[in-house]
Amino acid sequence: MQTFLQVLINGTGKGAIFALLALGFVIIFKATEVVNFAHGSLALAGGYVVAVLKPMVGWWSAAAAGITAAAVLALVIERLLLARARNASDTSLAILTIGVDVLVLTEVVRRLGTEASPFLGDPYDVKPLTLGDVTVGRSEVVALAVSVVLITAFFAAFRFSPWGVAMRAQSENREAAALMGIRSSRVTASAWAVGGALAGIAVLFLATQDFSGGGLSQATHGVALAAFPAAIIGGLTSPGGAVLGGFVVGLTEAMTAQYVDLDFAKVAVYLVMLLVLVVRPSGLFGRVVQARV
Amino acid sequence: MSDSNRAAGDMVPGDGRWWRIGRVAGAALLIVVLLALPLYLPGEWLKVGTWMMTGAVGALGLTLLTGQAGQLSLAHGFFLLVGAVSYAVLSGPAGDPTYIGFGLPPVVGLLGAVLISGLAGAAFAPVSGRLRGIYLGVASLALVFLGFWLGRALPAVAGSTSSGRLPQPFSIFGLSVDVSRQLSSLSVFGVPLGRDERTWYLYLLLTAIAYLLAQGAVSGRPGRAWRAVRDNETAATVLGVSVVRVKAGVFAISSAYAGLAGVMTAWWTGIMKPDESEVAGSYGVTVSIAFLAMIVVGGLGSLPGAVLGAALVFGLPVALPLLTQSASADIGSGTAFSPIVITNFAYGALIVLIILFEPSGMAGLGRRLLGPARART
């Protein structure tokens, strides 16, 4: 029972991070219809900035700089590349982001080199928290708290702020929204920036001893890849679904790692996704595209 | 992507006579050059060539699936693994205590491996037939992870992660990937045919068969069905194309190609061994992405483009060390611009530039350059 509670809390904490990644991914998809395969690289690039600045300016400023860097990189990708390829098909744009992903990943991994990969969670990493008779990683608890705040803030903004209204209008019908005076380019750009910032926050927890046992490296990119199944499980068009998918992925991974096999944990996530897709081809809450003749 | 249905140039009606003669002459010249190359190139360059051909076979399969039929797949690495493992198991020695093997003749093993990979692709039909676009792309990613886990969980089949198992030597018509067996003394124009030369001809034969089969499919009825499904599923259904069956079929064919490429990979590396990590290795996500890069760089749906893309993406990392002769220099801190880094930069940048400026890839570029010549004749 004690182990179960421990795994449950750790899994929820991990799920919170996948939720952040998947949420950013879905925000970008909703606003631009682009599947951002470079999402893992955004996280990695943000993490690299944190790792470089940390010894010089301290963790807090470095973290802020890293989050900003990830947001700016996302913005640059959107403005410089995707905004110029509006008419390409969805698949072409997805492949374009794969190209960007290869570039950013290669450069960051090359810069990291073969030296010990840096850990990024200084204020909370490897400081186990004892609640009653259950011991859990502090990173997971902090991650959960941070993402609950961020996700609540996002949904409030999405629901009530002018930005959220513009965003929903655009994802509903791009042309009609433009005719109503919504600046399409501003909405897309802000969506990418928010997605990038969320990835930049997520990496602060991904590259910790508690979370993955490894520092910032190519493996971090592999871990972040689990955000794709998370977003797909929930349905690519549903922010709520992304959050749910994130928790499903986190819990699945933690449970199978504890009770089945560490290697199998990585596969289990994808098998759950396949299962969901066979039953619901557009994910749990995704918009079902119907063919009209 | 819509103008890649003109990908195979020979489907365009009304080609001039001179154009056609030029094409035939060009193809003949290419064949002569490819046949003559081993007589001049040193062995290490032949290894580069055979690795390019391995990539080309895989890329041909993927361009049928993604370029012609419009189904995004990131599972190519998995089907490479299926092919390689199937060959190792089918042709492996029967009495081996550590590894399972059926002791079948290598030729049967090769055909069996291709067949099994095709069936594995067909078995994915319940998923691949129902999903479209990005959902399929991410769903296919699941297979790569499944393969990674299975490879590690079943060392008796896939070889142990530390030492791996040896793929059986293969030989047909005197063309071989044989390492130790006594070679009969063959020589052409006074050049003795050694191991690398024979491997070159074997790979060339396999690649040519793969290419011709793909070309036949693309210009015939299956190709028309694939393009119909790609361009508009509803319209394809109305035309009497069974969308689910076509999708499952093209997935199976593409996987069979990947299976053959997998066998060629195992021969080339000389060892069958599962990947160390899920992000890097011979059968992982990075390989799937490399194959996707090949067909995008070459031009989605174009067969010559796929071969060119493969030559670039698989050729660069093995050719660069030979060119610079400094493979082992400054590895110390690991931040050097190694051949693999340079290759990644090259194809990453090419993907971006090609999608932005020339969506039909090198094939489109070629058509544009040759276009005026064609129009004149």
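Q: What does it take for two residues to be in contact here?
A: Their C-beta atoms, placed from the backbone, have to lie within 7 Å. Keep in mind that this is a predicted model: local features need pLDDT of at least 70, side-chain atom pairs count only at pLDDT 80 or more, and totals for chains, interfaces and linings use all residues. Residues are numbered from 1 along each chain as its sequence is written, and chains are lettered from A, with ligands numbered from 1, in the order in which they are written.

Q: How many residues does the contact take from chain B and from chain A?
A: Chain B gives 42 residues and chain A gives 45. On the chain B side, the largest share, 13 residues, comes from H6(B); helices are DSSP runs (H or I, at least four residues), numbered from the N terminus.

Q: How do I read the packing of H1(A) and H10(A)?
A: Two packed helices are described by the angle between their axes and the distance between the axes. Axes are lines fitted to C-alpha atoms over the stretch in contact, and angles run from 0 to 180 degrees between N-to-C directions. Helix H1 (residues 2–32) and helix H10 (residues 227–234) of chain A pack at about 65 degrees, axes 8 Å apart. So H1(A) is roughly perpendicular to H10(A) (65 to 115 degrees counts as that).

Q: Which residues in H1(A) and H10(A) meet?
A: A:Phe18, A:Leu21, A:Ala22, A:Phe25 and A:Val26 from H1(A) meet A:Ala227, A:Ala230, A:Ala231 and A:Gly234 from H10(A).

Methods
Helix = DSSP H or I, 4+ residues; strand = E, 2+ residues; numbered from the N terminus. Parallel < 35°, antiparallel > 145°, perpendicular 65-115°, else oblique.
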